[in-house]
Amino acid sequence: MSGVNLEGIVKAYGPIQVVHGIDLEVKEKEFVVLVGPSGCGKSTTLRMIAGLEEISDGALTIDGRMVNRVAPKDRDVAMVFQNYALYPHLNVADNIAFGLRIRKESKEHIAESVEEVGNILGLTPYLERRPADLSGGQRQRVAMGRAIVRRPKVFLFDEPLSNLDAKLRTQMRAEIKRLHKRLGATSIYVTHDQIEAMTLADRIVVMSDGRIEQIGSPMELFLNPANTFVAGFLGSPPMNMFDATITAGEQGPVAEFDGQRIQLQKLESLANSEGRKVKLGIRPEFVSVADQDAPNLVKLDVDLIETLGSEALIHAHLMGDPFVIRTNTVGQMNILNGISGFTIEPHLIKVFDAETGQALPGQVLEQ
Amino acid sequence: MSSIAGQKSGLVWAVHLSAAVLVILWLFPTVGLLVSSFRTADQIATSGWWKALFPSQQNLTLRTAAPETQVQADGLFVIEGSLFEDGSSKVITVWGTNAKGIDSYQPGDTAALRRGGRLTVQADGSYRLEGEEEFTGRRGPRVFVTAEVPPEFTLANYHKILISGGATDNMAKAFFNTLTVTIPATIIPILVAAFAAYALAWMEFPGRALLIAAIVGLLVVPLQLALIPLLKFHNGIGIGKGYLGVWMAHTGFGLPLAIYLLRNYMVGIPRDIIENARVDGATDFQIFTRIILPLSFPALASFAIFQFLWTWNDLLVAMVFLIDATGETTVMTKQIVEMLGTRGGNWEILATSAFVSIAVPLFVFFAMQKYLVRGLLAGSVK
């Protein structure tokens, strides 16, 4: 088991560059999730690590060995594909054993390994079946079994759950997490689903347009997004964002928008920046609902309140843009019914530069 | 709704009807050949094969036994016996004693003869001729019978052309010669084409697209174009006039289609499977033998059937590349051509030879039709 190191990894198809120099260090036994919208280069990066795509520039080391020009079979990695990629003409046991047979392991070792993997993944009753006779979840398990049986240095997952239905996906997600805990293998996992990323990862790498936007633990990224892209990508419902202008107030900077004012935290980067255009980011979960009389109230046009039992989603508008609030219902139904706005503590508001989209330095939310 | 339903049923009828027409078009000559091969030359000459399956009415002119066989009993002169000497199972329906009244009597009736005497004929052909005076003359009186003849078939034709026939009639040797040509001429191109198809489908190398285009181009080259240059070339390198030459010729002519079909099929195998095998540690050769080949079985089988049928029925390539004055390597198609010359009138021999030569293709077709249909669609539908 060992780490993977990417240094300035570039992928170009002819003159068109799709991955623009990625630096990433995956430590031993770490579970790293690459997440981003489709076309952001995450799958390409993963395939370069697997050796299925040529690396145009940069250095890739696995376990301290540079493997840029090493064939996939000699990198000691295992990959789980989105479409499972099971061998349709082989039964489950042979599918799992394929890699070992190719590597000319002894028969006893193969039989033992297949049995063990069958036990780990609950596949023992299906070992004689063909992939066509399995359900989606079982096929997914076979695909994972095929990967873990070889005890490779690194596991690569390419959107392995996106072909499953919602319920099965939740279940398999937990199973992958459990498996990782048990085997402790270095894993790199690609997904476009931010919930998968949040639940599985030790560290998340958010990518867009062939670049890394931010690397960090799920909570770090959730609480302290480095820019508007990360802020908008992680979290469900996503962070509310709207434009505002900084003015000076009695207790530090104040943001003005649409004739309303909202108190911000004192930041060095906001000192003497009156008139500066910023973007404010407010998590739907961080606000307190309030009725008309509350101090520091930000007024909203409330559209619709969805009560989901223990919590409620309030769909509103602020300056024409949608604004969503997520709140507990217990003991708050009175306020909810008369809601006209919200209050929020200044340190929970994220301030981004309106032009670059970068978060202003100095804003740190502790976990 | 009703109009849609009506249209559909009309189409279904059209499909069924054309299927029926095709089946009849195909079945009629084939069954005719099969039935004719079990008939004698006389039967083929006198009635169509479709009549061979049912009992037929025959008008026969027979004679009783000669007067010299008469015996005297109870004061009568008697001649007894059966009209059908060969012991066949014909059944007499009516009979008569002269040409004008061939249906005058029923079986079991007794007729008085003009020259004296009384004749009784039973349905199975046995008769009794009796008279008070001695019968004279050299031959017995004529009896005109209308008999029902049951279907009659014979294996003599097959015995003749497969076992006992002379050099010009013998199909057994030609049959094995054809097999000797056909089996390697099927296996060699498949072996070569499978490798080529894998490379063209899954291995990156410069000029791959051009190579594929060239192969598609070769598909439409008529083989007659290459016959003479190829024969010259074969003679030049010394493999003309033998099995090796004809194997190579068939291989060459079959390869473009083989590569094209197999490549199209292999391209359809999901990329993930191959990439997974690559990550699993398989080399290109291992991917080919352990994954691509088993998964391409339907396409391999369908091409094998095509190539087999086409080489089996081939005459042209065999005529050009398998020249042998001694007749040791004559294939069936050529043997039949020769028989048309030497045994042109003997339809029973020709029909039997023809059926021997189509028997194997028929068997292959029926045994493997699943793959034939699947392979025809290979690559075209995805």
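In chain B, the centres of domain 1 and domain 2, taken over C-alpha atoms, are 44 Å apart. Before going further: this is a predicted model, where local features need pLDDT of at least 70, side-chain atom pairs count only at pLDDT 80 or more, and totals for chains, interfaces and linings use all residues. Residues are numbered from 1 along each chain as its sequence is written, while chains are lettered from A and ligands numbered from 1 in the order in which they are written.

**Domains and overall form**

The domain assignment splits chain B into domain 1 (2-51), domain 2 (56-149) and domain 3 (159-377). Chain A gets domain 1 (4-233) and domain 2 (240-353). Bounds of this kind come from an automatic or database domain assignment. For chain A, 39 Å lies between the C-alpha centres of domain 1 and domain 2. Five residues of domain 1 of chain A touch five residues of domain 2 of chain A, where contact means that C-beta atoms, placed from the backbone, lie within 7 Å. On the domain 1 side of chain A, that gives two nonpolar, three polar and no charged residues. As for the classes, Ala, Val, Leu, Ile, Met, Phe, Trp, Tyr, Cys and Pro are nonpolar, Asp, Glu, Lys and Arg are charged, and the others, Gly among them, are polar.

Chain B has 13 helices and eight strands; these are DSSP runs numbered from the N terminus, with helices (H or I) of at least four residues and strands (E) of at least two. Its radius of gyration is 33 Å, against near 21 Å for a compact globule of 382 residues. That radius is taken over C-alpha atoms, and the globule rule is 2.2 Å times the number of residues to the power 0.38. Along the principal axes, the C-alpha atoms of chain B fill a box of roughly 110 × 70 × 35 Å.

**Helix pairs**

Two packed helices are described by the angle between their axes and the distance between the axes. Here are two pairs:

| Pair | Residues | Angle | Axis distance |
|---|---|---|---|
| H4(A) and H5(A) | 136-148 and 166-183 | about 20° | 11 Å |
| H4(B) and H7(B) | 172-202 and 243-267 | roughly 35° | within 6 Å |

The axes are lines fitted to C-alpha atoms, for helices over the stretch in contact, and the angles run from 0 to 180 degrees between N-to-C directions.

H4(A) and H5(A) are therefore roughly parallel to each other; the bins are under 35 degrees for roughly parallel, over 145 for roughly antiparallel, 65 to 115 for roughly perpendicular and oblique for the rest. H4(A) passes H5(A) in a right-handed crossing, which is the clockwise case; a crossing is left-handed if the near helix is turned anticlockwise from the far one by less than a right angle. From H4(A), A:Gly136, A:Gly137, A:Gln140 and A:Ile148 meet A:Leu168, A:Met172 and A:Leu183 of H5(A). By class, this contact of H4(A) with H5(A) holds four nonpolar, three polar and no charged residues.

H4(B) also passes H7(B) in a right-handed crossing. The contact of H4(B) with H7(B) has 24 nonpolar, four polar and one charged residues.

**Between the chains**

The chain contact takes 14 residues from chain B and 17 from chain A. On the chain B side, helices H8 (271-280) and H9 (284-295) are the elements giving two or more residues, and H8(B) supplies the largest share, seven residues.

**Backbone oddities**

A cis peptide bond, with omega about -5°, joins A:Ser236 and A:Pro237. A:Glu159 has a positive phi, near 45°.

Conventions
Two residues are in contact if their C-beta atoms, placed from the backbone, lie within 7 Å.
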